[in-house]
Amino acid sequence: MAVREIIEIPDERLRIKCSPVTDFAAVQTLIDDLLDTMYSTDNGIGLAATQIAETKSIMVIDISENRDEPMVFVNPEIVESEGETSYQEGCLSVPEIYADVDRFLRVKVKAYDRHGKAFEVDSDEFLAIVMQHEIDHLHGKVFLDHLSPLKRNMLLKKLKKQQRLKQQQ
């Protein structure tokens, strides 16, 4: 169990599509690392394996007020979706950048827990947005990919400027 480095745009490892997990015993430490890393941040409510440079299809989410209700999704897949909504999203891999992103209003996600037991989550609330955001990571996408090219380029320039300022400090 360890807090791992969260990789940031433009790191190409964020673009890798994750492989399905077949050996659940072999990913227990990775799941613990994902949870430790998510909880180590001030505002992290979800984290996908790609964000810590791992290529297994695993994501963790905790949207509870006290950050004490972790959800582990192994091999998550959206099996139903409907409606549309827009929500301002941010991302630990795209720090201090926020944008309105169009998402499905409701999704049903099929996944496995950390021990390999299948389950489904059907949500039309904030959890639906977070699940879609994290599943995108597992497919090599970030929320910026949902924006128009103009908006995306503007935000990427802002991010590069922030990264240069950090390096100068």
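P10 sits in the segment before helix 1 (28-40), where helices (H or I, at least four residues) and strands (E, at least two) are DSSP runs numbered from the N terminus. The peptide bond that leads from I9 into P10 is cis, with omega near 15°. That is worth a remark, because most peptide bonds are trans. The model is a predicted one, so local features need pLDDT of at least 70 and side-chain atom pairs count only at pLDDT 80 or more, while totals for chains, interfaces and linings use all residues. Residues are numbered from 1 along each chain as its sequence is written, and side-chain values use heavy atoms, with hydrogens and water left out.

Backbone oddities turn up elsewhere too. N75 is not a glycine, yet its phi is positive, at about 55°. This residue belongs to strand 3 (residues 71-82) and counts as buried at 17% relative accessibility; buried means under 20% relative accessible area, exposed over 50%, and partly exposed in between (1.4 Å probe, protein chains only). E96, in strand 5, is another residue other than glycine with a positive phi, near 65°. As a rule, most residues other than glycine have a negative phi. Just after helix 2, G140 also takes a positive phi, of about 80°.

Helix 2 itself covers residues 126-138. Its 13 residues should span 18 Å at 1.5 Å a residue, and the end C-alpha atoms are 19 Å apart, which agrees; the expected span is 1.5 Å times one less than the number of residues. How much of helix 2 is buried? Twelve of the 13 residues are, so the helix is largely enclosed by the rest of the structure. The buried stretch includes L127, A128, I129 and V130 at one end, and I135, D136, H137 and L138 at the other.

Several annotated positions fall in this helix. According to the unreviewed UniProt entry, a "binding site" covers C91, H133 and H137; UniProt positions follow the numbering used here, feature names are shortened, and annotations may be inferred rather than shown by experiment. The three span 47 residues in sequence, yet no two of their C-alpha atoms are more than 10.3 Å apart, so they gather at one spot. C91 and H133 from this set also help line the largest pocket. On a 1 Å grid over the protein atoms alone, a pocket is an open set of points with protein on both sides within 12 Å along at least five of seven lines, whereas a cavity is a set where a 1.4 Å probe fits but cannot get out; lining residues have an atom within 4 Å of a point.

H133 counts as buried, at 7% relative accessibility. Leaving aside neighbours within four places in sequence, H133 is in contact (heavy atoms within 4.5 Å) with E89, G90, C91, R103 and F143. H137, also in helix 2, is buried with a relative accessible area of 0%. With the same neighbours within four places left aside, H137 is in contact with L14, I16, A48, T50, Q51, C91 and V142.

The same unreviewed entry lists E134 under "active site". E134 has its place in helix 2 and is buried, at 4% relative accessibility. Beyond its neighbours within four places in sequence, E134 is in contact with residues including G46, L47, A48 and Q51, and M59 and I61 are on that list too.

What about disulfides? The structure holds zero of them, a disulfide being a pair of cysteine sulfur atoms within 2.5 Å. The sulfur of C18 is 13 Å from the closest cysteine sulfur, in C91, which is too far for a bond. Both cysteines are buried: C18 at 11% relative accessibility and C91 at 10%.

Helix 3 (residues 149-168) has 20 residues that should span 28 Å, and its end C-alpha atoms are 29 Å apart, in agreement. Which residues of helix 3 are buried? They are L155, L159 and Q162. Seen down the helix axis, these fall within an arc of 60°, so they line one face of helix 3; the arc is that of the directions from the axis to the C-beta atoms. Strand 5 (94-103) is part of what covers them. The face turned away from the buried side carries the exposed residues P149, L150, K157, K161, Q167 and Q168.
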